[in-house]
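This report describes the fold, core and main pocket of one protein model.

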Amino acid sequence: MATISKLSSPSPAASLSSSFKPRSSSSLKCFVGFPSRPLFNSKLLSSSTLPSINNHPSKSSLAVRCSLVDGNGSSVKRTTLHDLYEKEGQSPWYDNLCRPVTDLLPLIESGVRGVTSNPAIFQKAISSSNAYNDQFRELVQSGKDIESAYWELVVKDIQDACKLFEPIYDQTDGGDGYVSVEVSPRLADDTTGTIEAAKYLHKVVDRPNVYIKIPATAPCIPSIKEVIANGISVNVTLIFSIARYEAVIDAYLDGLEASGLSDLSRVTSVASFFVSRVDTLIDKLLESIGTPEALDLRGKAAVAQAALAYRLYQKKFSGPRWEALVKKGAKKQRLLWASTSVKNPAYPDTLYVAPLIGPDTVSTMPDQALQAFVDHGTVSRTIDANVSEAEGIYSALEKLGIDWGKVGAQLEDEGVESFKKSFDSLLDTLQEKANTLKFVAS
């Protein structure tokens, strides 16, 4: 098993103090001017200083719509993210994490209800920031090897973020407010190793609102069942096809049934269905075909497949089998839309958010997508507005020779390799940092 097993339990002092809690919205004024960087650095401004806002701001700012809605006359900040959750039942999450985690506070206040992370996000955060140096120095000088030190850095960030989102978790009775941390990408083909890593991460983070991320690779499908059966909440990631998504749902249901728990209400899960990467690959295939019919389908595959995935979600979480689990307190494994940033600049910047709005779903957005949707996104149930059209697109692509199974397999392989590369690159960077700072490296 990866050296995560060498982690020691962080001391209570390593976690955020109770003073770091989201401030009451009644004390806030509108905020704008979030520069494009890994995490927003907000400036609170009075409404009288707000500049005029057009529908398509520059990429360097996040314009937050505000309104006075408190009956007592106090200023309450409202954004499209609040409407997304309250009106349509979709939870907006943020797809990024780095230090200081208190930079998440303005995002929480603007309606963000959870956080996702992955090896690529931590690679960027740790390698480009000095905020981790002090802890890293202490860990290496205490004898930790580089990989064990990495996991200590990650665990502290996850614990601190969980503390910030705990009020949302409590207010929703465990329905929301989660922070996700992924097992080592080196374990994507290791069923047993993934199970052990998930158990250990769950134990060492020791927060009720942590999601352990497990990839939806074929070897990890049994891992998902086993981890769920052990009462551990899971974010299943790297789902690229409907067939694999159905296997993920079945693993969740099998795990709940095998758990033996009389109360299933605290075992929850999300299934992270990736979208933009699907279009990136299929668009290339369509361009190689080159016919007018093929070219007309560019930019349509990902949303169409997602709509059909949602239909499958509705089907699987209904009927006698599911109702028997509901009687024990089971909660649906929500669909989470991942990879929501637009890769093709020719496409609308809310392409992978606006058409995928529906109840009991999550949309996790990186900076680009979040900024765009808050500024000019429209809140309306769209995910099942035209399922027949989605079926037509899906079938038309098959008729053109697009093999959805092969597309899913290729994207899965690429996703796993990308995360492995980020993970290995970060470990190399940490080793270099240790050597440069003359640490005693193991």
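The overall makeup comes first, then the core and the pocket.

The model is predicted: local features need pLDDT of at least 70, side-chain atom pairs count only at pLDDT 80 or more, and totals for chains, interfaces and linings use all residues. Residues are numbered from 1 along each chain as its sequence is written, and side-chain values use heavy atoms, with hydrogens and water left out.

The protein has 15 helices and nine strands, taken as DSSP runs (H or I, at least four residues; E, at least two) numbered from the N terminus. Of its 442 residues, 55% are buried, meaning under 20% relative accessible area with a 1.4 Å probe, protein chains only.

The largest nonpolar core, a set of buried Ala, Val, Leu, Ile, Met, Phe, Trp, Tyr and Cys residues joined through side-chain atoms within 4.5 Å, holds 134 residues, and Leu104, Tyr150, Ile158 and Tyr245 have the most contacts inside it. Helix 5 (residues 146–171) supplies the largest share, 14 residues. Beyond its neighbours within four places in sequence, Tyr150 is in contact (heavy atoms within 4.5 Å) with Phe122, Ile126, Phe423, Leu426, Leu427 and Leu430.

The largest pocket encloses about 550 Å³. A pocket is an open set of points on a 1 Å grid where a 1.4 Å probe fits, with protein on both sides within 12 Å along at least five of seven lines; lining residues have an atom within 4 Å of a point. Among its 29 lining residues, Asp95, Asn118, Ala120, Ile121 and Pro366 are the closest to the centre. Helix 3 gives the most, four residues.

| Lining class | Residues |
|---|---|
| Nonpolar (Ala, Val, Leu, Ile, Met, Phe, Trp, Tyr, Cys, Pro) | ten residues |
| Polar (the others, Gly among them) | twelve residues |
| Charged (Asp, Glu, Lys, Arg) | seven residues |

Notes. Points joined across faces, edges and corners; volume = space filled by probe spheres on them. Buried < 20%, exposed > 50% of the residue type's maximum accessible area, 1.4 Å probe, protein only.
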